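Please brief me on this protein model. Keep it short, and group the points by topic.

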Amino acid sequence: MEEKKFDVQSLIGFILIGGILLWMLYTNSPSEAEVEPQQETEQVEVPGNTDANQPPPQQNQTPGADSTALAQARERLGAFGYSASLPSATENTTTISNDVLELKIDNKGGYISEARLTNFKTFDSIPVYLIKDGNASFNINFTTTDGRTLDTENLYFEPEVTQNGDNQIISMKLKVSENEFLEYRYVLKPGEYMLDFSIRSQGLNNVFNSSRDINMNWQLKGYRHAKSISYENRYTDLIYEYDEGDDDSLGSGDLEEQEDENITYVAYKQHFFTSILLTDTPFSRGKFTSRNLVEDEEIDTVYTKDFAAQLPLELNGGELNYNMNWYYGPTDYKILNDYDRNLDEIVPLGWGIFGWINKYVFIPFFAFLSGVLPSYGIAIIVMTIVVRIVLSPVTYKSYLSQAKMKVLRPEINELNEKYKDNAMKKQQETMKLYSKAGASPMSGCLPALMQIPVFYALFQFFPSAFQLRQKGFLWADDLSSYDTIAELPFNIPFYGDHVSLFPILASIAIFIYMMMTTGQSMQQAQQPGMPNMKFIMYLSPLMMLFFFNNYASGLSLYYFTSNLITIGIMLVIKYVIIDEDKIHAKIQENKKKPKKQNKFTRKMQEMMEQAEQQKNQQKKK
């Protein structure tokens with residue numbers, strides 16, 4: 001057996017390799033001066049806030065430690081290369097929260113990367129996020145004096161967290177030097193959805209190129225939060241205030257663009273939740289864009305609309321100085337109205353008299369009812385009963401007019417037959433009959449017209465009532481969304497993939513009501529040029545059935561209850577209050593009395609007589 005010999009060369013090789021490894025470990029280990037800034041790059045949080053999902057902080061060297069890195073950063077970013085070489089140039093976030101709102105703010109860009117409403121859930125029990133996973137961006141685009149065009153969303157801010165009493169403050173600074181910077185300052189107060197926000201610069205008057213525009217761009221894609229994305233999308237909109245109090249919106253088209261001047265706030269409303277940017281110093285102008293992201297509601301189910309706003313910032317003495325606010329919270333009329341900054345206009349209550357009725361009648365009345373009654377569904381029913389009782393005199397006037405027309409119908413038919421070849425004479429004699437009897441077909445229409453403001457106001461009120469969100473009643477688990485009694489294995493255009501019961505009940509009630517009000521009208525011959533009443537009687541309930549299948553069940557509950565009560569009131573009027581024989585006797589008495597015509601009736605009759613005379617003269621010629 002061959003004896004193994006000691007290999008000196010192998011030993012020397014192993015010693016050299018070990019020495020090299022030790023030398024590499026020693027030269028690459030951080031010094032004490034480098035360890036301290038590395039520890040500062042870890043996520044900064046207000047005491048009590050944690051974020052276990054944050055990635056480990058990256059190691060960065062200070063400018064003094066690595067002049068080469070600083071030089072390279074300055075070559076790319078100019079003066080702002082300083083910020084890229086600081087320990088804060090990481091992907092870390094800073095978290096602040098109160099009892100209603102939690103915000104995470106990125107070092108990169110200095111803007112909010114997450115905004116969560118802690119007291120609300122989506123329709124499928126997921127926390128409500130207004131900002132998450134890059135659906136929003138906030139950027140200031142500017143040009144420097146050395147000709148560089150930069151975007152703050154690509155630059156690193158240095159965070160600093162402080163407390164002022166119960167207020168949590170985050171200062172995000174984009175630095176040129178230790179004492180020269182662009183600062184975003186956030187102040188979150190206890191229990192508030194609105195936080196103070198300011199943009200200011202210090203020592204950048206020689207950095208900003210004042211001859212070029214500085215534009216602030218805010219973009220957000222609205223997350224879906226409701227069961228019906230099409231219904232939620234109908235009430236998702238961009239609203240802005242301009243010219244010290246006027247407001248406008250972009251509508252609900254596939255792509256809407258608009259520009260205005262003197263902008264004081266911009267709101268991205270996602271039906272029941274809203275993100276708002278407000279400013280104390282109006283922006284000189286604003287360019288707004290809204291893009292619909294739902295082409296197929298079976299496929300496009302994550303986002304509703306994509307909003308964007310471009311707003312110019314103006315330098316004052318070479319520096320930026322804007323005091324603003326962010327609002328991330330519910331589209332609740334009371335909360336928004338309490339800020340006294342015209343934010344209640346974000347809630348679509350209707351224009352003119354319709355909005356007035358909602359603001360001063362239905363909102364406070366419903367708040368009172370929902371505060372004393374055990375269920376929001378019962379509150380809707382009670383409010384409907386009260387509304388119908390208040391409008392019952394109008395219903396009585398309308399039905400009384402119909403009763404008079406019914407009594408006069410035999411005589412009207414005689415006139416139609418007698419003057420069937422002379423339309424002008426027939427119209428004259430019919431008007432004389434109405435005048436003598438004290439009846440008019442318009443007297444039945446006017447009471448109905450008087451009810452339209454109330455009906456339209458309620459049509460606007462229920463889809464905007466935040467209190468109804470996720471509040472159940474009977475088989476409906478959410479009065480702000482559609483109720484479901486059956487799921488369909490297919491989708492019906494304009495109807496959906498489900499069957500809602502409240503719209504069916506409301507449609508049946510509307511059909512019965514229209515049978516009572518138009519059934520008598522259909523007995524007479526169809527007048528030329530008049531709408532087909534039978535067609536309308538069948539079409540209206542059918543439209544209700546299809547249109548309201550995806551609407552809020554609270555609105556369908558109101559219409560069902562309202563029509564049910566109206567039917568009851570009309571039955572009482574017909575069989576208890578109104579006696580058609582007495583009406584007929586009174587009409588006959590009125591016909592015997594000399595009737596003094598009003599100016600309008602007399603003028604109309606004179607015009608018709610003149611027209612008939614001209615017609616007769618033309619026949620003679």
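Helices and strands are DSSP runs, numbered from the N terminus; a helix needs at least four residues (H or I) and a strand at least two (E). With that in hand, Ile263 can be placed in strand β14. The model is predicted. The points below cover buried and exposed residues, salt bridges, a helix pair, a surface patch and two backbone angles.

**Residues in strands**

- Ile263, in strand β14, has a relative accessible area of 0%. Buried means under 20%, so Ile263 counts as buried.
- Ile263 and Arg285 are 22 residues apart along the chain. Their C-alpha atoms are separated by 6.1 Å.
- Phe197 sits in strand β10, which covers residues 194-202. Its relative accessible area is 2%, so Phe197 is buried.
- Phe197 and Thr279 lie 82 residues apart along the chain. In space, their C-alpha atoms are 9.0 Å apart.
- Pro282 belongs to strand β15. Pro282 is partly exposed, at a relative accessible area of 36%.
- Pro282 and Glu244 are separated by 38 residues in sequence. From C-alpha to C-alpha, the distance between Pro282 and Glu244 is 8.6 Å.

**Salt bridges**

- How many salt bridges are there? A salt bridge needs a side-chain nitrogen of Lys or Arg within 4 Å of a carboxyl oxygen of Asp or Glu. By this rule the count is 13.
- Arg200 pairs with Glu183 in one salt bridge. The closest N and O atoms of Arg200 and Glu183 are 2.7 Å apart.
- This pair links distant parts of the chain. Arg200 is in strand β10, and Glu183 is in strand β9 (residues 180-188), 17 residues apart.
- Are Arg200 and Glu183 buried or partly exposed? Arg200 is partly exposed, with a relative accessible area of 30%. Glu183 is buried, at 4%.
- Asp196 forms a salt bridge with Lys189. Here the closest N and O atoms are 3.6 Å apart.
- Asp196 counts as partly exposed, with 27% relative accessibility. Lys189 is also partly exposed, with a relative accessible area of 32%.
- Glu345 and Lys359 meet through their side chains in a salt bridge of 3.1 Å, N to O.
- The Glu345 and Lys359 pair also links distant parts of the chain, 14 residues apart. Glu345 lies in the loop between α6 and α7, while Lys359 lies in helix α7.
- Glu345 is partly exposed, with a relative accessible area of 29%. Lys359 is partly exposed too, with a relative accessible area of 21%.
- Glu158, Lys175 and Glu178 are joined into one network by salt bridges that share partners.

**A helix pair**

- Two packed helices are described by the angle between their axes and the distance between the axes.
- How do α7 and α8 meet, and at what angle do their axes cross? The axes of α7 and helix α8 (residues 376-390) come within 9 Å. They cross at roughly 130 degrees.
- That angle falls outside the parallel, antiparallel and perpendicular ranges, so α7 and α8 are oblique to each other.
- The crossing of α7 past α8 is right-handed.

**A nonpolar surface patch**

- Which residues make the nonpolar surface patch? Trp351, Leu449, Ile452 and Tyr456 make it. Its area is about 430 Å².
- Trp351 lies in the loop between α6 (333-338) and α7 (353-372).
- Exposed means over 50%, and Trp351 has a relative accessible area of 61%, so Trp351 is exposed.

**Positive phi angles**

- Most residues other than glycine have a negative phi. Two residues with a positive phi follow.
- His271 has a positive phi near 60 degrees and is not a glycine. His271 lies in the loop between β14 (255-270) and β15 (273-292).
- His271 counts as buried, because its relative accessibility is 6%.
- Gln470 is not a glycine either, and its phi is positive, at about 60 degrees. Gln470 is in the loop between α11 (442-464) and β18 (486-492).
- Gln470 is partly exposed, with a relative accessible area of 35%.

Key: Residues numbered from 1 in each chain as written. Predicted model: local features only at pLDDT ≥ 70, side-chain atom pairs only at ≥ 80, totals over all residues. Heavy atoms only, no water. Patch = residues over 30% accessible without salt bridge, like charges linked within 9 Å, V, L, I, M, F, W, Y side chains within 5 Å. Areas by Shrake-Rupley, 256 points an atom, 1.4 Å probe, with all protein chains shown as cover. Buried < 20%, exposed > 50% of the residue type's maximum accessible area, 1.4 Å probe, protein only. Axes fitted to C-alpha atoms, helices over the stretch in contact; angles between N-to-C directions. Parallel < 35°, antiparallel > 145°, perpendicular 65-115°, else oblique. Left-handed = near helix turned anticlockwise from the far one by under 90°.
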